[in-house]
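Colleague: I should like to work through this model with you, one question at a time. Could we have the sequence and the structure in view before we begin?

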Amino acid sequence: MATPAWNISGQYFETCSCDYLCPCIVGQMAVRPTKGSCTFAMAMQVERGTFGSVPLGGVTFIVLGYTPEEMGKGNWSVGLVIDERTTAEQRDAITMIASGAAGGPMAPLAGLIGKFLGMEAAPITFERAGNKGTVKAGNFVDMAVEGAMGVDPTVTEPLFLDNTGHPVSSRLALAHASRSHVHGLGLAWDDITGKNNGHFAPFNWRSA
């Protein structure tokens, strides 16, 4: 059965266990994460979208992952936490999109995933206020980011990294991870130093 046409757009933010600034993007995934390995959490709040006839507006999900060494070497472990208010059809659609099985921006990364950790459903809250954001997903995820600002106090926007090739957006706002707690799908990570890396951006994904 052919994969239906789909599109989703909304807001994203991410924290990872690399020190700020994460070297993985600027090093084209060929350099070691600052702690040798990297645990990451990518939260996506869909504001508008459909997967064929399945409506996806209002769906929130988190991609959790672990890379044991340089990201480009593969062997990633990746799983999903999806808001418990979604239907079975919406969860299937998000799993197809986030895994790259339905094409789109995640498809080029599918070959780097060595282990799928599964999917969990949880109540997810996603809040964004200016250059700050928080995401909580039951007992699985509790994370927050704050935009990294430049030296000019009159500028209200954070620093940006452009032309990244990141699957979510080529233009990312740089941020510090205020906190990162991940416990689930075989992953465990806690950080409250404020020194770890974060990103946020609007996103607009679609099938090829």
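Modeller: Helices (H or I, at least four residues) and strands (E, at least two) are DSSP runs, numbered from the N terminus. This is a predicted model: local features need pLDDT of at least 70 and side-chain atom pairs count only at pLDDT 80 or more, while totals for chains, interfaces and linings use all residues. Residues are numbered from 1 along each chain as its sequence is written, and side-chain values use heavy atoms, with hydrogens and water left out.

Colleague: Which residue follows H2?

Modeller: The residue in question has a positive phi, near 85°. The residue that follows H2 is Gly100.

Colleague: How far apart are the end C-alpha atoms of H2?

Modeller: The expected span of a helix is 1.5 Å times one less than its number of residues. H2 has 12 residues and should therefore span 16 Å. The model agrees with this, its end C-alpha atoms being separated by 16 Å.

Colleague: How wide an arc do the buried residues of H2 cover around the axis?

Modeller: Buried means under 20% relative accessible area, exposed over 50% and partly exposed in between (1.4 Å probe, protein chains only). In H2 the buried residues are Gln90, Ala93, Ile94, Ile97 and Ala98. They lie on the same side of H2, because the arc they cover is only 125°. The arc is that of the directions from the helix axis to the C-beta atoms, and here its value is 125°.

Colleague: What covers the buried residues of H2?

Modeller: Contact means heavy atoms within 4.5 Å. By this criterion the cover includes S1, S2, strand S3 (54-55), S4, S5 and S13.

Colleague: Which strand supplies the largest share of the largest nonpolar core?

Modeller: A nonpolar core is a set of buried Ala, Val, Leu, Ile, Met, Phe, Trp, Tyr and Cys residues joined through side-chain atoms within 4.5 Å. The largest has 40 residues, and Leu56, Phe61 and Trp205 have the most contacts inside it. Among the elements that each supply at least two of its residues are strand S1 (6-19), helix H2 (88-99) and strand S13 (196-206). The largest share, six residues, comes from S2.

Colleague: How many residues are in the other core?

Modeller: This core lies apart from the largest one. Leu64, Ile124, Phe126 and Val135 are among its members, and its size is 22 residues.

Colleague: Why might one expect nonpolar side chains to be buried together?

Modeller: This is a general tendency rather than a finding about one model. Such burial is what nonpolar side chains tend towards in soluble globular proteins.

Colleague: Which residues does Trp205 touch, not counting residues up to four places away in sequence?

Modeller: Trp205 is one of the residues with the most contacts inside the largest core. Its partners, with sequence neighbours up to four places away not counted, are Trp6, Asn7, Ile8, Met44, Ile97, Pro105, Met106, Pro167 and Val168.

Colleague: Which residue stands opposite Phe126?

Modeller: Two strands pair if DSSP finds at least two bridges between them. Strand S7 (residues 124-129) and strand S8 (residues 132-137) pair in the antiparallel sense over six bridges. They form a hairpin with two residues between them, and Gly130 in the turn has a positive phi of about 60°. Opposite Phe126, in S8, stands Val135.

Colleague: Is Ala177 buried or exposed?

Modeller: Ala177 is placed in strand S11. Neighbours within four places aside, its contacts include Thr15, Ala144, Val145 and Asp191. With a relative accessible area of 0%, Ala177 is buried.

Colleague: What is the relative accessible area of Ser178?

Modeller: Ser178 is also in strand S11. Not counting residues up to four places away, Ser178 touches Ala144, Val145, Glu146, Ile192 and Gly194. Ser178 is partly exposed because its relative accessible area is 31%.

Colleague: Which backbone nitrogen does the side chain of Ser17 reach?

Modeller: Ser17 is in strand S1 and counts as buried at 7% relative accessibility. At 2.9 Å, its side chain reaches the backbone nitrogen of Thr39.

Colleague: Where is Asn75 found?

Modeller: Asn75 has a positive phi of about 60°, although it is not a glycine. At 54% relative accessibility, Asn75 counts as exposed. Its place is the loop between S4 and S5.

Colleague: What is the omega of the peptide bond from Tyr20 to Leu21?

Modeller: Leu21 is in the loop between S1 and H1. The bond from Tyr20 to Leu21 is cis, with omega near 5°.

Methods
A polar contact is a pair of N or O atoms within 3.5 Å; within protein, one must be able to donate a hydrogen and the other to accept it, and residues adjacent in sequence count only if both atoms are side-chain atoms.
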